[in-house]
Amino acid sequence: MKTFIIDDDPLSSFVTEMVLKLENFTEQVTTFSSAEETLGYLTEDLAVNAPQVIFLDLNMPSMNGWEFLQALKPHENVISSNCSVFILTSSIDSAEQQMAEQHAMVKGFISKPLTETHLGIIKQQLGNAA
């Protein structure tokens with residue numbers, strides 16, 4: 001399984017990546033520090049570059065997580081068939097949780113930090129989707 005972390009905070013990305021590796025969640029983790037960088041990489045070749053899981057931070061400069069999801073909308077059919085997006089944020093705003101539910105690609109809303117429990121739930125979701 002291929003996993004992307006999109007987060008402008010290097011410490012948060014590092015912690016997320018370590019948890020993923022410790023829990024043997026994925027074979028390949030790619031970290032992006034900006035949503036624009038990720039979008040450029042993904043849209044070069046969606047069929048090849050799309051991961052199975054994206055952990056997406058919401059609060060980033062330049063292009064935030066919501067803008068990233070909006071930019072992916074034209075590609076939603078291609079991406080959502082094999083890719084699940086999980087919002088991974090420090091926000092506890094219930095309005096943002098409700099906004100996340102409006103995006104078909106978003107399969108979960110997780111408050112940082114990512115934990116073993118979160119990954120267990122995600123594995124169950126992904127297993128049921130397969």
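**A five-stranded parallel sheet and its helices**

In this predicted model, helix α1, which spans residues 10–22, lies across four strands: β1, β2, β3 (53–56) and β4 (84–89). The direction of α1 is at about 160° to that of β1.

The strands under discussion belong to an open sheet of five, arranged in the order β2-β1-β3-β4-β5 with parallel pairing. At the edges of the sheet are β2 (28–32) and β5 (106–111), each of which pairs on one side only. On average, neighbouring strands of the sheet are turned by 20° against each other, with direction ignored. A good place to start looking at the pairing is strand β1, residues 2–6, which runs parallel to β2 and is joined to it by five bridges. Within β1, isoleucine 5 stands opposite threonine 31 of β2.

Attention now turns to a pair of helices. Two packed helices are described by the angle between their axes and the distance between the axes. For α2 (residues 35–44) and α4 (residues 65–72), the packing angle is about 20° and the axes are 10 Å apart. An angle under 35 degrees counts as roughly parallel, and α2 is therefore roughly parallel to α4. The crossing of these two helices, α2 and α4, is right-handed. On the α2 side the contact is made by Ala35, Thr38, Leu39 and Leu42, which meet Phe68, Ala71 and Leu72 of α4. Six of the residues in this contact between α2 and α4 are nonpolar and one is polar, while none is charged.

Aromatic side chains offer another view of the fold. Across the whole structure, a search finds five aromatic pairs. One of them is formed by phenylalanine 25 and phenylalanine 55, whose ring centres are 6.2 Å apart; the planes of the rings are at 55°, so the pair is tilted. This pair links distant parts of the chain, since phenylalanine 25 sits in the loop between α1 and β2 and phenylalanine 55 in strand β3, 30 residues apart.

Two details of the backbone also deserve a look. Most residues other than glycine have a negative phi, and most peptide bonds are trans. Asparagine 24 has a positive phi of about 50° although it is not a glycine, and asparagine 24 is placed in the loop between α1 and β2. The peptide bond leading from lysine 112 to proline 113 is cis, its omega being near 0°. Proline 113 is found in the loop that lies between β5 and α7 (116–129).

Notes: Residues are numbered from 1 along each chain as its sequence is written. This is a predicted model: local features need pLDDT of at least 70, side-chain atom pairs count only at pLDDT 80 or more; totals for chains, interfaces and linings use all residues. Side-chain values use heavy atoms; hydrogens and water are left out. Two strands pair if DSSP finds at least two bridges between them. Axes are lines fitted to C-alpha atoms, for helices over the stretch in contact, and angles run from 0 to 180 degrees between N-to-C directions. Contact means heavy atoms within 4.5 Å. Angles under 35 degrees count as roughly parallel, over 145 as roughly antiparallel, 65 to 115 as roughly perpendicular and the rest as oblique. A crossing is left-handed if the near helix is turned anticlockwise from the far one by less than a right angle, and right-handed if clockwise. Ala, Val, Leu, Ile, Met, Phe, Trp, Tyr, Cys and Pro count as nonpolar, Asp, Glu, Lys and Arg as charged, and the others, Gly among them, as polar. Rings of Phe, Tyr and Trp (its six-membered ring) pair if their centres lie within 6.5 Å; planes under 30 degrees apart count as stacked, over 60 as edge-to-face and the rest as tilted.
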